[in-house]
Amino acid sequence: PGTKRQVTLIQAEHLPVIASLAHVATVTPALLRRNLVVSGINLLALKGRRFQIGDCVLEGTGPCDPCSRMEENLGPGGLNAMRGHGGLTAKVLVGGPIRIGDAVRVC
């Protein structure tokens, strides 16, 4: 597991902001190519830190910067709508189940 981008996370609070900036009704995490949605925590504060969700232990590796694919998925301006709202990349340190409603806990 040498990659630093095994899991991508996005804040639920950013989804309506991205939709508004992209001038679309709604956006989904799948449309944005993100694996996990969390709320109530600043994901970028987890860069370089270990955290647990469910039984899984992750390490934040950096911001999940948007790619040009966002222009295809969200339409013109999609890339710019995502800037600063892309979330976090992480690597898996300990695998395990994650369930809806599991808290994000800093280790």
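**Figure 1. Helix H1 and its cover.** Strand E1 (7-11), helix H2 (69-74) and H3 are among the elements that cover the buried residues of H1. The model shown here and in the other views is predicted. Helix H1 spans residues 14-22. Its buried residues are His-14, Leu-15, Ile-18, Ala-19 and Ala-22. Seen down the axis of H1, these buried residues fall within an arc of 140°, so they line one face of the helix. His-23 follows H1 and has a positive phi, near 60°.

**Figure 2. His-85 and its surroundings.** Where does His-85 sit? The loop between helix H3 (78-82) and strand E5 (88-94) holds this residue. Is His-85 buried or exposed? Its relative accessible area is 17%, and buried means under 20%, so His-85 counts as buried. The side chains of His-85 and His-14 are joined by a polar contact of 3.5 Å. Setting aside neighbours within four places in sequence, His-85 is in contact with Ile-10, His-14, Val-17, Ile-18 and Leu-21. Of these contacts, His-14 and Ile-18 are also listed among the buried residues of H1.

**Figure 3. The six-stranded sheet.** Six strands form an open sheet in the order E2-E1-E5-E4-E3-E6. The pairing is mixed. E2 and E6 stand at the edges with a single partner strand each, so one side of each has no neighbour in the sheet. On average, neighbouring strands are turned by 40° against each other, direction ignored.

**Figure 4. Strand E3 and its two partners.** In a regular strand, side chains alternate between the two faces of the sheet. Strand E3 covers residues 50-53. Which residues of E3 lie on its covered face, and which on its uncovered face? Phe-51 and Ile-53 are on the covered face, while Arg-50 and Gln-52 are on the uncovered one. E3 pairs with strand E4 (residues 56-63) in the antiparallel sense, over four bridges. Within this pairing, Arg-50 has Glu-59 of E4 as its bridge partner. E3 also runs antiparallel to strand E6 (residues 104-106), with three bridges between them. There, Gln-52 stands opposite Arg-105 of E6.

**Figure 5. The turn at Gly-54.** E3 and E4 form a hairpin with two residues between them. One residue of the turn is Gly-54, with a positive phi of about 60°. What is the relative accessible area of Gly-54? The value is 12%, and Gly-54 is buried. Apart from neighbours within four places in sequence, Gly-54 is in contact with Pro-97, Asp-102, Ala-103 and Arg-105. Ser-39 lies 15 residues from Gly-54 along the chain, and the C-alpha atoms of the two are separated by 15 Å.

**Figure 6. Two nonpolar cores.** In soluble globular proteins, nonpolar side chains tend to be buried together. How many residues make up the largest nonpolar core here? There are twelve in all, including Val-7, Leu-36, Phe-51, Ile-53, Leu-58 and Leu-88. E1, strand E2 (36-38), E3, E4 and E5 each give two or more residues to this core. A second, separate core has eleven residues, among them Ile-10, Val-27, Ala-81 and Met-82.

**Figure 7. Leu-46 in the largest core.** Leu-46 belongs to the largest nonpolar core. Leaving out neighbours within four places in sequence, Leu-46 is in contact with Ile-41, Phe-51, Gly-60, Leu-88, Val-104 and Val-106. Among these contacts, Phe-51 and Leu-88 are also members of the largest core.

Note on methods: Residues numbered from 1 in each chain as written. Predicted model: local features only at pLDDT ≥ 70, side-chain atom pairs only at ≥ 80, totals over all residues. Heavy atoms only, no water. Buried < 20%, exposed > 50% of the residue type's maximum accessible area, 1.4 Å probe, protein only. Polar contact = N/O pair within 3.5 Å; in protein donor to acceptor, adjacent residues only side chain to side chain. Contact = heavy atoms within 4.5 Å. Pairing = 2+ DSSP bridges. Arc of directions from axis to C-beta. Core = buried A, V, L, I, M, F, W, Y, C linked by side-chain atoms within 4.5 Å. Axes fitted to C-alpha atoms, helices over the stretch in contact; angles between N-to-C directions.
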